[in-house]
Amino acid sequence: YNHQLQLSERTEIISSLAASVAHEVRNPLQVTRGFLQLMGSRSDEKDKEYMNIAIEELDRASVIITDFLTFSKPQLEEFVDIDVSQVIKQIEGIIMPLATLQGGRIIVSVPAGLYIRGNISKFKQVMINLIKNGIEAFEDDGEIQIRAYDKDSKVYVHIKDNGQGIEAAELLKLGEPYFTTKTKGTGLGLMVTFRIIEAMQGKMEFESEKHKGTEVTMSFPKVKH
Ligand code: ADP
Ligand code: MG
């Protein structure tokens, strides 16, 4: 119990700090990257190597920011009725190419007219973080299925992959700040995702089997339209 309390306090601090600075930091990172590239193109081999290391480190910083805040500006916190299928259509342009690049595919089966309550940018962040994790878990012939439906005054959203799966002991750690099994992971994606879903009065559960895949089930109060 005590551990839980400390964990959520720590999470609180990390998240609020990140939300306020991350957005401001992305632009200068991009500008710096551009100039480093320019300088690299007119430098000797040794300097080029240093520039490339600098660019890699900048990219790593960008990944951390992306896991935290893909779309949302801290000041845009309004809650609206979200059309789940519409949000998925909007992020398809980002996630489909990502899946293709990893040699896999995404199959969407989400009917129109399912509404839930929340902040659209934050909900996009949730979907992107979860789908990205699925893609990053791809083994060969990767596939992600996204489906949604309503039942008993709730809207359910499932994201299922056929990837590498999660160990039982690791399932307990999902959402802990900095818990990652990836060499280039941040361990921040699920922490943020859990918090956003909580703020939407929703729930998220993981089911996984090693080398079979992982299924994330989210449920939210259904909004009548
Ligand atoms: P990151 O993706 O940066 O590692 P996350 O918080 O998004 O951080 O995920 C934490 C960890 O949870 C991952 O490193 C991975 O071990 C595990 N994980 C999450 N989703 C999946 C998934 N769909 N398949 C396999 N492992 C997953
Ligand atoms: Mg992730």
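This passage describes a five-stranded sheet, a helix that lies across it and the nonpolar core, as found in a predicted model. Local features were accepted at pLDDT of at least 70 and side-chain atom pairs only at pLDDT 80 or more, whereas totals for chains, interfaces and linings use all residues. Residues are numbered from 1 along each chain as its sequence is written, and chains are lettered from A and ligands numbered from 1 in the order in which they are written.

The sheet is open, with mixed pairing and the strand order β2-β4-β5-β7-β6; strands (E, at least two residues) and helices (H or I, at least four) are DSSP runs numbered from the N terminus, and two strands count as paired if DSSP finds at least two bridges between them. Its edges are formed by β2 (105-109) and β6 (203-209), each of which pairs on one side only. Neighbouring strands are turned against each other by 15° on average, direction ignored, where axes are lines fitted to C-alpha atoms, for helices over the stretch in contact, and angles between N-to-C directions run from 0 to 180 degrees.

Within this sheet, β5 (residues 154-161) pairs in the antiparallel sense with β7 (residues 213-221) over eight bridges, among them that between Ile159 and Val216. Eight bridges also join β5 to β4, again antiparallel, and here Ala148 is partnered by Val157. The hairpin of β4 and β5 has two residues between the strands, and Asp152 takes a positive phi near 50°. Side chains alternate along β5: Val155, Val157, Ile159 and Asp161 point to one face and are buried, while Lys154, Tyr156, His158 and Lys160 point to the other and are not; a residue is termed buried if 20 or more other C-beta atoms, placed from the backbone, lie within 10 Å of its own, exposed if 12 or fewer do, and partly exposed in between.

Helix α3 (residues 84-101) lies across β2, β4 (143-151) and β5, running at about 170° to β2. A kink of about 55° is centred on Glu92, the bend being the angle between axes fitted to the seven residues ending at a residue and the seven starting there. Buried residues of α3 include Val84, Val87 and Ile95.

The largest nonpolar core (buried Ala, Val, Leu, Ile, Met, Phe, Trp, Tyr and Cys residues joined through C-beta atoms within 7 Å) has 36 residues, and those with the most contacts inside it include Val84, Val155 and Ile159. The largest share, seven residues, comes from α4.

Notes: Two residues are in contact if their C-beta atoms, placed from the backbone, lie within 7 Å.
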